[in-house]
Amino acid sequence: MSGSLLENNISGSKTLYVHWIQTDDPEFVPALDSTNQVESPNFNNQFTWSPLPSPMSSPGHDGSFSPEGTDLGTILNRLGEKIDHTSCPTSNQINICRDYTGNVHNIMRSSLQAFRRRRFNPEARLDVVFVDSEQTSEGAVDGGGPTREYLRLLMKAIHQSSIFEGPETDKRLTLDTCALEGKLYTQIARMISVCVIHGSVAPNFFSERLFSQLCDKHTHPATLEEVSDVTFKEKLLKIKEATTVGDAKAAIEEAEESLAIVGACRSITTLKQRDALVQSAVDFFVEGRLNVALQQFVEGFNTLGLLQEMRAHPDLFRSMFEEDVTPLKAKDLSALFQVSFSAPGTHAREIENRTICFWRDWLIDVEEGECAPLTLENVLEFASGSSTIPPNGFLLQPTIEILPEESGKIFPEANTCNIVYRLPVHKDYESFKAQMCNALL
């Protein structure tokens, strides 16, 4: 398409998606309005464009628009552009004390301390400082590795938060009055937004209902299985399983106090009315009573514009928020890391080739459970601080280096800031496998 906006019957508020082309592209035309002789902005005088509906009027996008074919990585990169990596205010320092027993209470406490600061800015770089068990600071210079490790640990702490209930990979909100009063729902949603945008760290534990609620999508009627209060659930089940109206009335009378609390205590004359009573009680318990908590939770996802994109592209974000059943594969890590080789034909190159063969065989053994409890996620964590490969990739190219044979080092080393895996040299595979496993377990 070429010519002026008016020549193409384009008027009003529109968004133009500009696609760059080469100078020898046959579709190239000078960017000049021949009618009004007003020259268009000169972007090397080479571009094609296509008019798109205004973001606010684009149906189903709730004010967000992305060109057709946009993938999750592209969206995350665009959201990440909102972060000013040159700015790192003091209020963005997060002081973390590791707990090697697996207790994540310290992670959540330290995170809340930072996120609740009046001047904490999610649009600026995070300054993560880890302190070991001897209270020795590891240093505040964060090249990416500490942040990735912190965000991974934070997501683990969020997963165990008191605002969620349900199976490990199918969590839903629960009602916590203390959390409501302290706006914990909002703070945790802000943390999740920061994890997703600053580090592409995904929750992968939301229930389908919770994700749909966030995206403002229709949810299926609630079921008795979703009622977490065992006593209340048993009372509703007794009503539901009553075979006569008389039995149902008797069961309703027994549950009168509980039903009154959820606004579902009423007289029935048919079994159909019995079913409607049970369904209304279930709906209120699963969704109605959580309205204020959900509002707080949704509010937190406005951080860095994440909610807007989630509602525009729910199918893309679903893989980050609901259970991800696709595990890491050995071939994923083999392809991820770029090997820093010596010149071909040298003795060093011969050793490096052998070590890389060992490395790839070891990854296969890990994938197949031969090194249990070690997993490929552990292998990636060791090098990058992240247990998953971000949908938009790492900012730096993950690299493998081979430790000098004369160094005598038998264990692998890693630089999580630059994502460098340094492999030790061993003469046989069994030795290599044993020391790699010992280092990571």
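**Two helices and the confidence of a predicted model**

Biologist: What comes right after α16?
Modeller: In this predicted model, helix α16 is followed by G385, a residue whose phi is positive, near 85°.

Biologist: And which residues of α16 are buried?
Modeller: The helix spans residues 376–384, and within that run L376, V379, L380, A383 and S384 are buried. These residues lie on the same side of α16, because they cover an arc of only 105° around the axis.

Biologist: What covers them?
Modeller: The cover over the buried residues of α16 includes the helices α3 (145–159), α14 (330–336), α15 (347–367) and α17 (429–440), together with the strands β11 (413–415) and β12 (420–423).

Biologist: Switching topic, where is confidence highest and where is it lowest?
Modeller: Across the protein chain the mean pLDDT is 84, with 80% of the residues reaching 70 or more. Confidence is highest in helix α11, residues 291–300, at 98, whereas strand β4, residues 48–52, has the lowest, at a mean of 28.

Biologist: Which stretches have pLDDT below 50, then?
Modeller: Residues 13–67 are one such stretch, and in the model this stretch has 72 contacts beyond near neighbours in sequence. Another is residues 135–142, with 17 contacts counted in that way. Where pLDDT is low, the predicted coordinates should not be read in detail.

Biologist: Back to α11: which residues are buried there?
Modeller: The buried residues of α11 are A293, L294, Q296, F297, V298 and G300.

Biologist: What do they pack against?
Modeller: They pack against the strands β7 (164–165) and β8 (172–173), and also against the helices α4 (177–181), α5 (184–199), α6 (208–214) and α12 (306–312).

Methods. Residues numbered from 1 in each chain as written. Predicted model: local features only at pLDDT ≥ 70, side-chain atom pairs only at ≥ 80, totals over all residues. Heavy atoms only, no water. Buried < 20%, exposed > 50% of the residue type's maximum accessible area, 1.4 Å probe, protein only. Helix = DSSP H or I, 4+ residues; strand = E, 2+ residues; numbered from the N terminus. Arc of directions from axis to C-beta. Contact = heavy atoms within 4.5 Å. pLDDT = per-residue confidence, 0-100.
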